[in-house]
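The following exercises are to be worked with the sequence and the structure at hand. Each task is followed by a solution that goes step by step.

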Amino acid sequence: MIHQTAQDTMQKAGLFFLTEEDASGQGRLLVNDRNWKTTAQNVAPGAVVDCDTKILLTAQKIDG
């Protein structure tokens, strides 16, 4: 899923404590979220969590 879409989806569900990291381990900043694809998160998709749960999204840069 495009990283921006993943963030928008979570925010629509009331989840705003979102953090992100570069899946490559290079420590790049996700400046333009539409150029990244979310590849993992630390909470299972569809899991019910409190709105103050910190969620880590891992993303991979889309080449091209």
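Strands are DSSP runs of E with at least two residues, numbered from the N terminus. The model is a predicted one.

**Exercise 1. Determine where W36 lies, whether W36 is buried or exposed, and which residues W36 touches.**

Solution.
Step 1. W36 is placed in strand β2.
Step 2. The cut-off for a buried residue is a relative accessible area under 20%. W36 has a relative accessible area of 2%, and is therefore buried.
Step 3. With neighbours within four places in sequence left aside, the contacts of W36 include M1, I2 and H3, as well as D22, R28 and the run L29, L30 and V31. A59, Q60, K61 and I62 are also in contact with W36.
Step 4. T58 is 22 residues from W36 along the chain, and their C-alpha atoms are separated by 9.6 Å.

**Exercise 2. State the order in which the three strands form the open sheet, and explain why β1 and β2 count as edges.**

Solution.
Step 1. The order is β1-β3-β2, with mixed pairing.
Step 2. β1 (18-22) and β2 (36-41) each have a single partner strand, so each has one side without a neighbour in the sheet.
Step 3. From one strand to the next, the twist averages 35 degrees.
Step 4. Strand β3 (residues 55-61) pairs with β1 in the parallel sense, over five bridges. Within this pair, I55 of β3 stands opposite L18.

**Exercise 3. Describe T39: its strand, its accessibility and its contacts.**

Solution.
Step 1. T39 belongs to strand β2.
Step 2. Partly exposed residues fall between the limits of 20% and 50%. T39 has a relative accessibility of 41%, so T39 is partly exposed.
Step 3. Apart from residues up to four places away in sequence, T39 touches A23, T58, A59 and Q60.
Step 4. T39 and T58 are 19 residues apart along the chain, while 5.7 Å separates their C-alpha atoms.

**Exercise 4. Identify the residues that make up the largest nonpolar core, and examine the contacts of L57.**

Solution.
Step 1. The core has six residues: M10, L15, L18, V43, I55 and L57.
Step 2. Beyond four places in sequence, L57 touches M10, a residue that belongs to this core as well.
Step 3. Further contacts of L57, counted in this way, include H3, Q7, T19, E20 and E21, together with T38, A40 and Q41.

**Exercise 5. Place Q7 and T9, and find the polar contacts of their side chains.**

Solution.
Step 1. Q7 is in helix α1 (residues 3-12), and T9 lies in helix α1.
Step 2. Q7 counts as buried because its relative accessibility is 11%, whereas T9, at 44%, counts as partly exposed.
Step 3. The side chain of Q7 makes a polar contact with that of E20 at 3.0 Å. The side chain of T9 reaches the backbone oxygen of T5 at 2.8 Å.
Step 4. Residues touched by Q7, not counting those up to four places away in sequence, are L18, E20, D33 and L57.

**Exercise 6. How many salt bridges are there, and which side chains meet in a salt bridge?**

Solution.
Step 1. Side chains of opposite charge can pair when their charged atoms come close.
Step 2. The count comes to one salt bridge.
Step 3. The side chains of R28 and D22 meet in a salt bridge, with 2.8 Å from N to O.
Step 4. R28 is partly exposed at 31% relative accessible area, whereas D22 is buried at 7%.

Definitions and conventions. Residues are numbered from 1 along each chain as its sequence is written. This is a predicted model: local features need pLDDT of at least 70, side-chain atom pairs count only at pLDDT 80 or more; totals for chains, interfaces and linings use all residues. Side-chain values use heavy atoms; hydrogens and water are left out. Helices (H or I, at least four residues) and strands (E, at least two) are DSSP runs, numbered from the N terminus. Buried means under 20% relative accessible area, exposed over 50%, partly exposed in between (1.4 Å probe, protein chains only). A polar contact is a pair of N or O atoms within 3.5 Å; within protein, one must be able to donate a hydrogen and the other to accept it, and residues adjacent in sequence count only if both atoms are side-chain atoms. Contact means heavy atoms within 4.5 Å. A salt bridge is a side-chain nitrogen of Lys or Arg within 4 Å of a carboxyl oxygen of Asp or Glu. A nonpolar core is a set of buried Ala, Val, Leu, Ile, Met, Phe, Trp, Tyr and Cys residues joined through side-chain atoms within 4.5 Å. Two strands pair if DSSP finds at least two bridges between them. Axes are lines fitted to C-alpha atoms, for helices over the stretch in contact, and angles run from 0 to 180 degrees between N-to-C directions.
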